[in-house]
Amino acid sequence: QVQLVESGGGLVQAGGSLRLSCTASGRTFSTYGAGWFRQAPGKEREFVAGISRSSRNTFYRDDVKGRFSISRDNAENTVYLQMNSLKPEDTAVYYCAVQLRDYSGVVSYDIDDYGSWGQGTRVTVSS
C-alpha cells in the first residue's frame with residue numbers, strides 16, 4: 001500500500017505561484033500513474049492533472065492548461081504540481097493519489113480510478 005503526504009500549500013495573491021509536492025512511502029510508487037485533485041468548499045473533488053508512471057503522458061483539466069505543470073521524480077518517490085498565474089477560483093484543498101487502474105500508460109481523469117489518497121494541502125488565492 002502506498003501512503004502519500006502532500007505539502008507546499010499556502011496563501012498566495014492572484015497571479016502568484018506555488019509548488020505542491022506529494023511524497024510516497026513504499027517502493028512501488030514508480031509502478032503507478034499519479035494525479036492531483038482539488039476540492040473547494042461545498043464542491044465535489046475534481047481532477048486537476050495526472051501523469052503516467054514513466055512521465056511520458058500528462059493530462060490537465062482545461063482551466064489549468066498552460067498554468068499548471070505536473071511532474072514526478074521516481075527516484076525521490078515524489079510527484080509535483082507547479083501552479084503559476086494562480087486565480088482565486090484555484091482556492092481549494094489539493095490532494096494527490098495514485099492511479100490504481102492501469103490503462104497502458106493512459107492518464108485517467110476519473111476519480112474512481114484513483115486511491116491511496118493523501119491528507120491534502122490547502123491552497124488559498126486572494127484577489
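Mentor: Helices (H or I, at least four residues) and strands (E, at least two) are DSSP runs, numbered from the N terminus. What you see is a predicted model, in which local features need pLDDT of at least 70 and side-chain atom pairs count only at pLDDT 80 or more, while totals for chains, interfaces and linings use all residues. Residues are numbered from 1 along each chain as its sequence is written, and side-chain values use heavy atoms, with hydrogens and water left out.

Trainee: What pattern does the protein chain follow when it is read along the sequence?

Mentor: The secondary structure comes to eleven strands and zero helices. Reading along the sequence therefore gives β-β-β-β-β-β-β-β-β-β-β.

Trainee: What is the radius of gyration of the protein chain, set against the globule rule for 127 residues?

Mentor: The radius is taken over C-alpha atoms, and the rule is 2.2 Å times the number of residues to the power 0.38, which gives 14 Å for this chain. The chain's own value is close to that, so the chain is as compact as a globular protein of that length, with a radius of gyration of 13 Å.

Trainee: Which share of the contacts with a separation of 6 or more joins residues 24 or more positions apart?

Mentor: A contact here means heavy atoms within 4.5 Å. One C-alpha pair that is far apart along the chain is Glu46 and Ile111, which stand 65 residues apart in sequence while their C-alpha atoms are separated by 7.4 Å. For the chain, the share asked for is 57%.

Trainee: Are Arg38 and Asp90, which form a salt bridge, buried or exposed?

Mentor: A salt bridge is a side-chain nitrogen of Lys or Arg within 4 Å of a carboxyl oxygen of Asp or Glu, and in this pair the closest N and O atoms are 3.0 Å apart. The pair links distant parts of the chain, 52 residues apart, since Arg38 sits in strand 4 (residues 33–39) and Asp90 in the loop between strand 8 (78–83) and strand 9 (92–99). On a scale where buried means under 20% relative accessible area, exposed over 50% and partly exposed in between (1.4 Å probe, protein chains only), Arg38 and Asp90 are both buried.

Trainee: How many residues apart in sequence are the parts that Glu46 and Arg61 tie together?

Mentor: Glu46 counts as partly exposed at 27% relative accessibility, and Arg61 is likewise partly exposed at 23%. The closest N and O atoms of their salt bridge are 3.6 Å apart. Glu46 lies in strand 5 (residues 46–51) and Arg61 in the loop between strand 6 (58–60) and strand 7 (68–73), so the separation of the tied parts, in residues, is 15.

Trainee: Which residues do salt bridges that share partners join into one network?

Mentor: Besides its bridge to Arg38, Asp90 meets Arg67 in a salt bridge of 2.8 Å, N to O. Asp90 lies in the loop between strand 8 and strand 9 and Arg67 in the loop between strand 6 and strand 7, so this pair ties together parts that are 23 residues apart in sequence. Both Asp90 and Arg67 are buried. The network joined through shared partners consists of Arg38, Glu46, Arg61, Asp63, Arg67 and Asp90.

Trainee: How many salt bridges does the structure hold?

Mentor: The network above includes Asp63 as well as Glu46 and Arg61. Across the structure, the number of salt bridges is nine.
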